[in-house]
Amino acid sequence: MSAIETYLARPWLAHYPSGVPAGVEVPLKTVAQVFDEATERSPERGAVIFYGRSITYRELRDATDRFACALADLGVKKGDRVALYLLNSPQFIIAYFAALKCGATV
């Protein structure tokens, strides 16, 4: 049996516990839409802790929406490419999702 035939036979399914589906249905949503839905579910829950300060999902969503508007005002639109040169920080998260909300590729 070739490597492709072995892959297509999906032998890993034999190792799944009972009740675990062989496939899942992935909704047709953008990452930005999934982010918005997640922030709506638990707006007061902590999303990020950075240097001892907790940022709630509501605060993260608000900052992301405001930055997305600023990017749009600068002319960032669907199909544009945006490079982020930031440390791993809340600002990176905000900039990443803001660019996606504008339709840009990060």
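There are zero disulfides in this structure, which is a predicted model. Why does C69 go without one? Its sulfur sits 7.8 Å from the closest cysteine sulfur, that of C102, and that is too far for a bond. The cut-off for a disulfide is a pair of cysteine sulfur atoms within 2.5 Å. Seen from the other end, the story repeats: for C102 the closest cysteine sulfur is the one in C69, again 7.8 Å off and too far for a bond. C102 counts as buried, because its relative accessibility is 13%.

C102 also turns up in the largest nonpolar core, which has eight residues. Its companions there are A68, L71, V76, V82, A98, A99 and A104. Helix 3 (57–73) and helix 4 (90–101) are the elements that give two or more residues to this core. As a general matter, nonpolar side chains in soluble globular proteins tend to be buried together. Around A104, leaving aside residues up to four places away in sequence, the contacts are V76, K77, D80, V82 and A99. Apart from this core lies another one, made of seven residues, with V48, I55, L60 and F97 among them.

Two of those names, V48 and I55, lead straight to the strands: V48 stands opposite I55 in strand 2. Strand 1 (residues 46–50) runs antiparallel to strand 2 (residues 53–56), and the pairing covers four bridges. Together the two strands make a hairpin, with two residues between them. In the turn, Y51 takes a positive phi of about 50°.

Definitions and conventions. Residues are numbered from 1 along each chain as its sequence is written. This is a predicted model: local features need pLDDT of at least 70, side-chain atom pairs count only at pLDDT 80 or more; totals for chains, interfaces and linings use all residues. Side-chain values use heavy atoms; hydrogens and water are left out. Two strands pair if DSSP finds at least two bridges between them. A nonpolar core is a set of buried Ala, Val, Leu, Ile, Met, Phe, Trp, Tyr and Cys residues joined through side-chain atoms within 4.5 Å. Buried means under 20% relative accessible area, exposed over 50%, partly exposed in between (1.4 Å probe, protein chains only). Contact means heavy atoms within 4.5 Å.
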